[in-house]
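User: I would like to learn how to read helix crossings, sheets and burial in a model of this kind. Could we go through it feature by feature?

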Amino acid sequence: MSLRNRELLNLLAVGLITAIGFASVYIARESVVSAASLAYGVFFLALYLAAHAVVRMALPHADPYLLPLAGLLAAIGVTMIYRIEPDRALRQGIWIVVGLALFAGALLFLRDHRILDRYTYTLGLAAVGLLALPALPGIGATINGASLWVRLGPVAFQPGELAKILLVVFLAGYLRDNRELLARALPSAKHFGPLLLVWGAALLVLVETHDLGGALLYFSVFLAMLYVATGRWLHVAGGLGLFSLGAWGLYHVVPRVGERFSVWLDPWADPTGAGYQLVQSLYAISSGGLFGSGLGRGVLVAPGGSTYIPFLETDFIYSAIAQELGLAGAVAVVLLYVLFVWRGFRIALLADDGFSKLLAAGLSAAFGIQAFIIVGGVTGLIPLTGITLPFVSYGGSSVVANFLLVGLLLMISDRVNRDSR
Amino acid sequence: MNPQIRRVFLVLAALFVALVGMTSYWLWKAPDLEARRGNPTLVVRQVTIERGRIYSSDGRTLLAANRRRRVQGRTWYLRRYPAKELVAQTIGYSTLSRSRSGLEESLNDFLTGSNSDLHTVLRRTLDRLEGLTQRGNDVVTTIDARAQQVAMDALAEKCGAAVALEPATGRVLVIASQPSFDPNLVERHFRRAASAPGAPCRPAAPLLDRATQGLYIPGSTFKVVTAAAALDSGAFTPSSEFVDKGYCIEYGKKVTNFADQSGPEVFGRVDFATALQHSINSVFCQVGQRLGPLVVLEYAKRFGFYSKPPLETPAGERAASGLYDRGRLLFPSDPNAVDPGRLAFGQERLLVTPLQMAMVAAAVANGGLLMKPTLLDRIVAPDGTIVTQQAPEVLGRAVQPETAAELTAMMRRVVESGTGTVAQISGVPVAGKTGTAETGRRGENDTWFIAFAPADAPRFAVAVALQDQAGTGAQTAAPIARAILQTLLGGKP
């Protein structure tokens, strides 16, 4: 079977799963099957088929699994959001449309990711600029203690999500150019300098905006790509050492970080105050059992309409999935991320130029690490930092940025598969 | 770069395995997390069960029922209490925002149908398989709604409690505590429920079950226990002779009889029965000194003192009676640690609950046999089958039947021509004992009346305690006890 037909088949399966998901939420809510719930499934199927048509046209040799995986994750997300807060599901749906439109635009007009190689430094600076945007007075907005948003009229978006991709592009280009020099035991300041400059600026901005999850993500991606480029564990170890030092400093200086850390160590020290979110998240996860309560039948929303866990549909959507779909559903979601990352790294392995290799590895690592940071946070594995679960969490900027990420990976894989043919 | 790419992927894969491990860990810890307060899944599981109702003994007065509410496609059963203040402390409450109390707490397993007797387990499993709402068992209490209402009305605007028992079975017919509260307010207006602005005592504590937790100085009602010890031990008979000088010397200090405006009463040469009839402190002081405090306390134990009365309410809502030293129950091993004379007429550091004194009256009425007090008549499954039918249980023998008969005769004289004449009911012989305990603050006596009727064939025993009273037990508590007895006997109060 051709790659594209395989993709088509996968997308049909995703459409079916989406329809079933919506129908079951609807049944749990109203005790009837409604055409409206099935319409969601049909709508998403049509949307994915349109995206598929664009891929078929622009990148016929691209990986056939990435788009269905992304589509399935987005469908799971929008189904959960529909179950929690139906109005938001519609908005998320609109964002998915926007994301896929930009995805199609990127495929049709950019076509080749290597064009980005020419603008490495420009994109790096743009990333830092984007990160700094929320700190600007007038357009910046603070939500839940973190200033990550930029408000333009009715639309609020997180420029950090886009900056994530741009930084990976910058790193791929920069590390490709300097990998031999950086691979030395003690690279000179001349080669490390620009890297540390962009990176230091990015982290500074993140700390300034209190985006701890973002800081953790970018630093981890940086270390992963540095290791891929140089093969030196020592650099990674040094980086981790620096990070621990920074974390230790933050722990003592920024009260928010200290609080997150102590909640992680003992969530039940203050179960109604600082530890509330995490404790409620753990209750939700533990009550799911092996197969969950069923969609729409869990205990997520209080009689007043508010959710027991604040930010349930953004940061804590994994907890909602674990409760209603059980361990089976949660593991399935984790598995989807593993598959996605595996396909991404496979593209990196097969790519024949350094830029493509580093770009594919960096984008896949960023995707996987982001999922790990938030799922690890809500399960209490690591201290909780607010960040979206790619494709699943409610949030337009995240969905749009991640569809662009998929687009880039598809471009790389198209080129790889075409050349190997 | 390929080896590095592979290794980074392996690290990431390991991290994802850790995520699965952590998620599974919380599943494994679920039983532990489930029991924690603030876990909404537990709360919601409870409210989606159609909780059993609670009835008065005749099944006609609903003490606790449910109102349905649709929340997110499911039916929630929220508690409502149609009888409001009537038996509020004993029935308790079951809410979303607060934990439970009273029978709602202690009988929760039955009320939610999660008790583990075979019939209930079978029904619950079938219901679950059929996807039906889980239904709890109904509870029929022993409470006599009419007498309870009379008691609550009589206690209104006072601080105190009344308990009425069936001596032969231990069934609790009346368990009234004022000030009371409206359990319907607990969910949303807890502050309002927990404050009783009109109450004449501080703290008003309407949530406190004064019948089982209120500790009062028993005063002269304790003379019944002392008399039981005196007669049952064989040291005295009802006709034992004493000389009352109006006081008794203890540790070189004068302890005087009850004083009215003309000063302490002096009775001169009296027998033991007359001493109880007129509640003569100096005589009981002498009896206490002769018996020694340990004998008196030993008999108190036989009546149930020094252990929490085994009622069905949560253990935390019941208090044991006895000597209290700095807030702790004290059973002295050294007889010199206790003032025997003052103990004998119910002062010293004695603190008792109205329930305990009702048990004393009931044991005397029941020929000396103390029955286990119970609030439970039966528990009925939704299909009408009886899950539990409460049978009378003997707690122990307090005194020999002959002693009980002698005590009954002495207590009859109290009501016929002694301190308790207020409690007379025409056509029905009543046995009783008054109590007016000094708290050390003027006009703030703990006043008592314990009684049973008919004295020749006892059917009902009652104890009434009031706090912060200016009058005597005869003036304040006896009329309430009389009204309750009269209602129970079938007359008009």
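**Reading a predicted two-chain model**

Analyst: Let us start with a pair of helices in what is a predicted model. The axes of helix α9 (residues 233-253) of chain A and helix α10 (residues 255-265) of chain A come within 5 Å and cross at roughly 105 degrees.

User: How should I read that crossing angle, and which residues of α9(A) and α10(A) meet?

Analyst: Angles from 65 to 115 degrees count as roughly perpendicular, so α9(A) is roughly perpendicular to α10(A). On the α9(A) side the meeting residues are Leu250(A), Tyr251(A) and His252(A), and on the α10(A) side they are Val257(A), Gly258(A) and Phe261(A). Sorted by class, this contact holds four nonpolar and two polar residues, with no charged residues.

User: Which elements of chain A supply the side that touches chain B?

Analyst: An interface can be read by its residue counts, then by the elements that supply them, then by class. Here the contact draws 44 residues from chain A and 29 residues from chain B. On the chain A side, α1 (3-30), α8 (212-230), α11 (276-287), α12 (317-350) and α13 (354-378) each supply at least two residues, and α12(A) gives the largest share, with twelve residues. By class, that side of chain A has 30 nonpolar, eleven polar and three charged residues.

User: Turning to chain B, how many helices and strands does it have, and what share of its residues is buried?

Analyst: Chain B has 17 helices and 22 strands, and 53% of its 493 residues are buried. To see how contacts span the sequence, one can take those in chain B between residues at least 6 apart, of which 70% join residues at least 24 apart.

User: In what order do the six strands of the open sheet in chain B lie?

Analyst: For a sheet, read the strand order, then the sense of pairing, then the edges. The six strands of chain B follow the order β3-β2-β1-β4-β17-β18, and the pairing is mixed. The edges are β3 (74-80) and β18 (386-389) of chain B; each has a single partner strand, so one side of each is left without a neighbour in the sheet. At the β18(B) end, strand β17 (residues 376-380) of chain B pairs with β18(B) in the antiparallel sense over three bridges, and Val380(B) has Ile386(B) in β18(B) as its bridge partner.

User: And what is the strand order of the open sheet of five strands in chain B?

Analyst: That sheet runs β6-β5-β22-β21-β20 in chain B, with antiparallel pairing. Its edge strands are β6 (172-178) and β20 (431-437) of chain B, and because each has a single partner strand, one side of each is left without a neighbour in the sheet. From one strand to the next the twist averages 5 degrees. Strand β5 (residues 160-165) of chain B pairs with strand β22 (residues 460-469) of chain B in the antiparallel sense over six bridges, with Ala164(B) opposite Val462(B) in β22(B).

User: Are the residues of the edge strand β20(B) buried or exposed?

Analyst: An edge position concerns strand partners, whereas burial concerns the surroundings, and the two should be read separately. In β20(B), seven of its seven residues are buried: Ala431(B), Lys433(B), Gly435(B) and Ala437(B) lie on one side, with Gly432(B), Thr434(B) and Thr436(B) on the other. The partner of β20(B) in the antiparallel sense is β21(B), over seven bridges, where Thr436(B) stands opposite Thr447(B).

User: Which helix lies across those strands, and what is in contact with Thr476(B)?

Analyst: Helix α17(B) lies across β5, β6, β20, β21 (445-453) and β22 of chain B, at about 30 degrees to β21(B). Thr476(B) sits in this helix, which covers residues 473-489. With 23 C-beta neighbours inside 10 Å, Thr476(B) counts as buried, since the cut-off is 20 or more. Beyond its neighbours within four places in sequence, Thr476(B) is in contact with Thr447(B), Leu466(B), Gln469(B) and Gly471(B).

User: Lastly, which residues are buried in helix α13 (residues 293-302) of chain B?

Analyst: In α13(B) the buried residues are Pro293(B), Val296(B), Leu297(B), Tyr299(B), Ala300(B) and Arg302(B). As a general guide, an α-helix has 3.6 residues a turn, so residues three or four places apart point the same way. The buried residues of α13(B) pack against α10 (223-232), α12 (281-291), β13 (322-325), α14 (340-344) and β19 (394-397) of chain B. Just after α13(B), Gly304(B) takes a positive phi of about 110 degrees.

Terms used. Residues numbered from 1 in each chain as written. Chains lettered and ligands numbered in written order. Predicted model: local features only at pLDDT ≥ 70, side-chain atom pairs only at ≥ 80, totals over all residues. Contact = placed C-beta atoms within 7 Å. Helix = DSSP H or I, 4+ residues; strand = E, 2+ residues; numbered from the N terminus. Nonpolar A, V, L, I, M, F, W, Y, C, P; charged D, E, K, R; others polar. Axes fitted to C-alpha atoms, helices over the stretch in contact; angles between N-to-C directions. Parallel < 35°, antiparallel > 145°, perpendicular 65-115°, else oblique. Pairing = 2+ DSSP bridges. Buried ≥ 20, exposed ≤ 12 C-beta atoms within 10 Å, placed from the backbone.
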